Amino acid sequence: MNQGIRRMFVVVLGLFVLLIGATARWTVVEADDVNQNANNRRPQLETARVPRGTIRASDGTLLARSVKQPDGTYERRYTQAAEEASQLVGYAFTNSGTDGIEKAHRDDLTGKVSDASTLLSALRGNERGNDVVATLDPKVQRAGLAGIGNRTGAAVAIDTRTGGILALVSTPNYDPNDFATSKGAEKVLTDPRSPIYNKATQAGFPPGSTMKVVTAAAALASGKYDPNTLVDATAPLMAASQPLFNFHGEKFDPKITLTYALTHSVNTSFGRIGQDLGPGPIAEAMKAFDFEEQLPVDIPKEHLFESGVYARGTNRLIPVDENVDIARVAIGQERLRVTPLQMAFVAATIARGGDKPRLATVQQVLDPDGRTVRSLGGGKSAGRAMSRRDAAELTGMMQKVVEEGTGTASKLAGLSVAGKTGSAEVDVQKDLVDPWFIGFAPADNPRVAVAVVLNRIQGATGGVDAAPIARAMMQAAL
Amino acid sequence: MIFRRLRDFGLLIPSALLVAIGFASVLANAGGELGNTSLIYGAVFLGLVAVAHVITTIALPDADPYLLPLIAVLACFGLVELYRIDESLARGQATWFVIGIVGYTATIYALRKDYRVLRDYRNVLALAGVLLLLAPRLPGISNPENGAYLSVALGPIRFQPTELAKLCLVLYLASYLADNRQLLVQEARGPFGVLPPLKYLLPLLAVWGATMLMLFVIQDVGSAIMYFGVGLALLYIATGRLLYPVAGLSMFMVGARLLYETRPTIQNRVAAWQHPFAQDLYDKPVGGSYQLAQGLFAQADGGMLGQGLGGSIVTYTAETGGTYPLPAAKNDFIYALIVNEVGLVGALGLLLIYLLIVWRGFKVATVAHDSFSKLVAAGLATVFALQVFVIVGGVTKVIPLTGVTLPFVSSGGSSIVANFILLALLLLVSDRARRDTRADLDRAKGGAWR
């Protein structure tokens, strides 16, 4: 009988091999398909089960935390400071998905990053995500938000030394807590003033005269111009068979210096510089400042708009060449569309002596025990946009703008500010203007760069409407 | 002798470690929300295992020393997983463990002189087995779930008679075959020249009939596989003729086909087995594939190494005893939960322990001296292996799903008690076999009757 018993054991062995094979099939071979099955709600449950780490502002202000629900899952709660920076912080809910830092730093916040320091926690199962410290400075954010008030607009402030984004204002903002329910999410998503739309990074505004900074950079880079080069300011200038005038028909001396032209934002001079340089050098300067591409920043890609010249009524970039009115590109008209983030990036780059900053919204990632997992490398470079000498000359010209030109409203007591105003006419009949201000301070040792824009303000100018907001933000940052 | 066995306490170290590490990781994962006092269940459990070990040492000094420690590992693994679902389940399991050990001890003491008396009670055992199987259909105590009649409800206690019936069946078959195996082998001149006379086959046909009846009446595919499988295995072991299992399997196929054609419950079950992810079957409120699909989701979530003990997603509702998202995580689907937590690697370990137990069981059968003992041991080992195959195979989509318990791991009173009795019987056979072997050796050396 023993032979039969042994054979029976072989049969059992075969059955168990079958079981092992089947288990391997579901855990390894077909695991990916099964995990992605539409009926499989485990991935969503997983996000609700592991408490995300907290998000704090750089000054320690709490922005977001996870709260345990009666059913054992976790839900996000956002503070007032997070609501003020809603487009930057974003939201994370099981039913609504994620946005902002919550999205861009999901792996950090859920503790999913698989480097050596988190391997241990992976082995014992993730109990809690990592904490994130944003570069946000709530004081600067509040100054921008208060300055824009109930108008539609956007403002960005960048720490020029680190590339950290200190403020990212887009009005109106929204309460991230609304996304906890589908009804609340619906309310935000269908709001006609589109609060979910990040106007600081996603909206293309005509840059107006702030573009002259880029044109000036191109002029200096060409070697044909220095700050004292005389330029023709005669009005009007014929460009693309249309006469080009100065703002409000202002008249200037026929020959003025490049510095004077920038200080008083003389369209006819800059139009001529554009024509003189031609499309090539202008396009080159724009590309040097990362126009026509997504800026290097940890903001969800769908919120990043590429600044440049767009075919009218489309989202199609067109090249800056003989087919565009280069005189009007040089003064920020034509079909140029730029984001406030782009212009703040330009200002920050000039402030850094022509060195482009690597932008960031998060400065530190801490594990649940408070140890630093990762920190933003202070002032990492994203390449050079212009020479140090050109940047210094341009800084001097922009200081004049604030000292005696169009940007005097941004003056800070005891500190030198470099800046440039812009007043892009978007509807001549109704006198609707997108007023701009870009700049940085202190001019001799920059720490903060800003860009502010308001949307469709009747009779506005950058110097009157945008410069004071920029001033308040810079003051808050210093 | 006793000292040697007490030294075997070392074999319990793996279980002790498992409980310690298991409870520690579950506690760590729960973030300290479970009371530290609940660790007492772990300690109590280990104490019970030690008590069982001492009882075995005293009563059955020659029994296989590995079986109990292996079972202890299983039980501890089950306890950790149940504790992971909910503390109250671990408490319940520890309580049932006490009852199981009482049953275990009672079995050993009742049969310690000679368990072979059971051979004379086979008709009683057969009757008891049939009654147990039909019990779930009796009005008043029947408790149908998902169209299958698997358990009886006596007041608050749910009891799966299948668990005890399998022991009755094995003992009956072992007894019958031990008495008649010579005839079944030698009298090969039946009506077709190969088959033995009908009167010797009759009881076996009766078993087949009973199994089929069970399928029709209780609609329990898994139990049918277990019973019929062990029947065929013992018939083969007793006679050494492949013809019996081949003929038996064909008859089973015919019966299963007939059942499939006539029973919509079975058709549903087969459809859910073939297409667990089909939307219409998944959404079906009763008799659909929701459970199986959730079991597969849990296993896929586990992957190679699992989410860690206490790391899987399971919420327990004390009022209904239900679990989410994996249903029946404490009993039928505990294998899926285990795979979720310890992955393919851990599941391999678990299956290996089962295989070791089955191997020790078959080993006991090979060293046993008389055919009844051999058949009892082989039958118990086979039915144990088949039970694991039926539930793990069901959860991993090898065969259509049937709700039987994973022995010693699933929560469930009747299963623990029945399997402890199974263990007691195996150890009784083992003890007798080794003692007889030693006696033979002593006699051969001329040292008998010392």
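These are my notebook entries on a predicted model of two chains, A and B.

**Entry 1: Overall scores and make-up**

I began with the scores, and the model has ipTM 0.92 and pTM 0.63. For chain B I looked up the confidence as well: the mean pLDDT is 82, and 84% of its residues reach 70 or more. Among the elements of chain B, helix α1 (residues 2-7) has the lowest mean pLDDT, 62, while helix α15 (residues 371-395) has the highest, 95. I made a note to myself that where pLDDT is low, the predicted coordinates should not be read in detail.

Next I looked at secondary structure. Chain A has 18 helices and 22 strands. In chain B I found 16 helices and four strands.

Then came burial. Of the 478 residues in chain A, 55% are buried. Chain B has 450 residues, and 53% of them count as buried.

I also checked how far along the sequence the contacts reach. In chain A, 69% of the contacts between residues at least 6 apart join residues at least 24 apart. For chain B, the share of contacts with a separation of 6 or more that join residues 24 or more positions apart is 71%.

**Entry 2: Where the chains touch**

How many residues does the contact take from each chain? I found 36 residues from chain A and 50 residues from chain B. On the side of chain A that touches chain B, the elements giving two or more residues are α1 (2-29), α2 (31-35) and α3 (42-49). Of these, α1(A) gives the most, with 18 residues. Sorted by class, this side of chain A has 18 nonpolar, 11 polar and seven charged residues.

**Entry 3: A pair of helices across the contact**

I followed α1(A) over to chain B. Its axis and that of helix α14 (residues 334-367) of chain B come within 10 Å and cross at roughly 175 degrees. Angles over 145 degrees count as roughly antiparallel, so α1(A) is roughly antiparallel to α14(B).

Which residues meet here? From α1(A) I picked out several, including Phe9(A), Val12(A), Phe16(A), Leu19(A) and Ile20(A). Among their partners in α14(B) are Leu344(B), Leu348(B), Leu351(B), Leu355(B) and Trp359(B). By class, this helix-to-helix contact has 19 nonpolar, five polar and no charged residues.

**Entry 4: A covered helix in chain B**

I tried a small check on helix α13 (residues 290-302) of chain B. At 1.5 Å a residue, its 13 residues should span 18 Å, and its end C-alpha atoms are 18 Å apart, so the two agree. Is this helix mostly covered or mostly open? It is mostly covered, for 12 of the 13 residues of α13(B) are buried. The buried ones include Leu292(B), Leu296(B), Phe297(B) and Asp301(B). Right after α13(B) comes Gly303(B), with a positive phi near 65 degrees.

**Entry 5: Tyr310(A)**

I found Tyr310(A) in the loop between β13 (308-309) and α15 (326-330) of chain A. It is partly exposed, because 18 other C-beta atoms lie within 10 Å and a residue needs 20 or more to be buried. Leaving aside neighbours within four places in sequence, Tyr310(A) is in contact with several residues, among them Gly204(A), Leu317(A), Arg335(A) and Arg337(A). I looked at the last of these again: Tyr310(A) and Arg337(A) are 27 residues apart in sequence, yet 6.9 Å apart in space, C-alpha to C-alpha.

**Entry 6: Backbone oddities**

Most residues other than glycine have a negative phi, and most peptide bonds are trans. With that in mind, I listed some exceptions.

- The peptide bond from Ala441(A) to Pro442(A) is cis, with omega near -15 degrees. Pro442(A) lies in the loop between β20 (432-441) and β21 (448-454) of chain A.
- The peptide bond from Tyr324(B) to Pro325(B) is also cis, with omega near 0 degrees. I found Pro325(B) in the loop between β4 (322-324) and α14 of chain B.
- Ser194(A) has a positive phi, near 40 degrees. It sits in the loop between α10 (182-189) and α11 (212-222) of chain A, and it is partly exposed, with 17 other C-beta atoms within 10 Å.
- Asp431(A) is not a glycine either, and its phi is positive at about 55 degrees. Its loop runs between β19 (418-427) and β20 of chain A. With 12 C-beta neighbours inside 10 Å, Asp431(A) counts as exposed.

How values were computed. Residues are numbered from 1 along each chain as its sequence is written. Chains are lettered from A and ligands numbered from 1 in the order in which they are written. This is a predicted model: local features need pLDDT of at least 70, side-chain atom pairs count only at pLDDT 80 or more; totals for chains, interfaces and linings use all residues. Two residues are in contact if their C-beta atoms, placed from the backbone, lie within 7 Å. Ala, Val, Leu, Ile, Met, Phe, Trp, Tyr, Cys and Pro count as nonpolar, Asp, Glu, Lys and Arg as charged, and the others, Gly among them, as polar. The expected span of a helix is 1.5 Å times one less than its number of residues. pLDDT is the predictor's confidence in each residue, from 0 to 100. Axes are lines fitted to C-alpha atoms, for helices over the stretch in contact, and angles run from 0 to 180 degrees between N-to-C directions. Angles under 35 degrees count as roughly parallel, over 145 as roughly antiparallel, 65 to 115 as roughly perpendicular and the rest as oblique.
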